[in-house]
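Reader: I am new to reading structures. Please take one part and walk me through it closely.

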Amino acid sequence: MSKTILGVCVTLTLAGVLVWTGCAKKARRSSAKPAPEFSLKDASGQTVRLADYRGKVVLLDFWATWCGPCKIEIPWFMEFEKEFKDQGFAVLGVSMDEDGWSAIKPYVQNMKMNYRVLLGNDAISTAYGGLDSLPTTLLIDREGGIASTHVGVSMGKEEFKDAIVKLLETTSVSAPVAPRDTVAVLARPGSR
Amino acid sequence: MLAQAPGSAVLSIAPATKLTIQRGATADFAVKAELQPGFHVNSNMPGDDYLIPIRLTWNKDPLEAEQVTYPKPQMEKLSFSPNPISVYTGSFEIGTRFKAPANAMPGMAFMNGKLRYQACNNKECLPPRTVDVRVTLDIQ
């Protein structure tokens, strides 16, 4: 009997902690449209999936070496990567260069790009609506939802930064929020 | 790799007029292009290895394209580049000097080519495009 009471108390305490943590971190369930999943290679040949970044705020930038306006944003994104990477943020640059890595690698070195660059393909172009213009930049929240899409250089550096900070403040990377149904299962009496 | 929505082309090419050429002789032809306001295409020598130059190429027959002549570009200072970029804006013409072989078959024929270009404005770039160019020939 005492074991049962103890079990219930532990369960309720755990549930309480989870609920409190969630509230404290301004937890929410993303109502944003999910960003299409992809699987692309980086310069070292490693496969990168968007799902690998779940729990992080991602700035997904579609660009190309021949795109002049893309060159305006790349230094901003390098700064963001440096400033926010320890707060659960990552920049992914998807190059749409038809010539592949032979065109991309020298450019990346020349620009000293400090974030992960991937080689795009037709599938990702289609999945993200055709990408009629470059740059096209998406901010993706920690739950994989598209928080905003920016076609062309439509936003200044500070506006981008504000949007990133806002998304980073929404939830904390160190304390992922337990979904409500998980809390419900933990809180169910006699579940132990 | 990149899609381009139908009707999103910012460069239009005027319908070609018929080119009359004598066998063994040369004749000049101009591809007339017009860009939407605000857009530019890189010239044939943009001055930056990363930029895609405009390029007009022709099939090998029935005529020989002896020389393709690009117009004088404008040097524009754009926000993304420390140096002026060599571009075309508005209306421009790319000339070609064709030579008809002495043994060319007389009569009506077509000369087919391709124009490759890549357009941008100050804020965005459109994917590179390659469009077909066709000239109706009267070989005499």
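Author: What follows looks at one helix of chain A, then at the partner chain.

This is a predicted model. Start with helix α2 of chain A, residues 70-84. How far apart should its ends be? The helix has 15 residues, and each adds 1.5 Å, with the count taken as one less than the number of residues, so the expected span is 21 Å. The end C-alpha atoms lie 21 Å apart, which agrees.

Now the buried side. Which residues of α2(A) are buried? They are C70(A), K71(A), E73(A), I74(A), W76(A), F77(A), F80(A) and F84(A). Look at the spacing with one rule in mind. An α-helix has 3.6 residues a turn, so residues three or four places apart point the same way.

What covers these buried residues? The cover comes from chain A and includes the strands β3 (57-63), β4 (89-95) and β6 (136-140). It also includes the helices α3 (101-111) and α5 (157-170).

Next, the partner. Chain B has zero helices and 12 strands. Along the sequence, its pattern is β-β-β-β-β-β-β-β-β-β-β-β. Its C-alpha atoms fill a box of roughly 50 × 30 × 25 Å along the principal axes. Of the 140 residues in chain B, 29% are buried. Take the contacts in chain B between residues at least 6 apart in sequence: 73% of them join residues at least 24 apart.

Finally, the two chains meet. Chain A gives 23 residues to the contact, and chain B gives 20. On the side of chain B that touches chain A, 12 residues are nonpolar, six are polar and two are charged.

Technical notes:
Residues are numbered from 1 along each chain as its sequence is written. Chains are lettered from A and ligands numbered from 1 in the order in which they are written. This is a predicted model: local features need pLDDT of at least 70, side-chain atom pairs count only at pLDDT 80 or more; totals for chains, interfaces and linings use all residues. Two residues are in contact if their C-beta atoms, placed from the backbone, lie within 7 Å. Ala, Val, Leu, Ile, Met, Phe, Trp, Tyr, Cys and Pro count as nonpolar, Asp, Glu, Lys and Arg as charged, and the others, Gly among them, as polar. Helices (H or I, at least four residues) and strands (E, at least two) are DSSP runs, numbered from the N terminus. A residue is buried if 20 or more other C-beta atoms lie within 10 Å of its own, exposed if 12 or fewer, and partly exposed in between; C-beta atoms are placed from the backbone.
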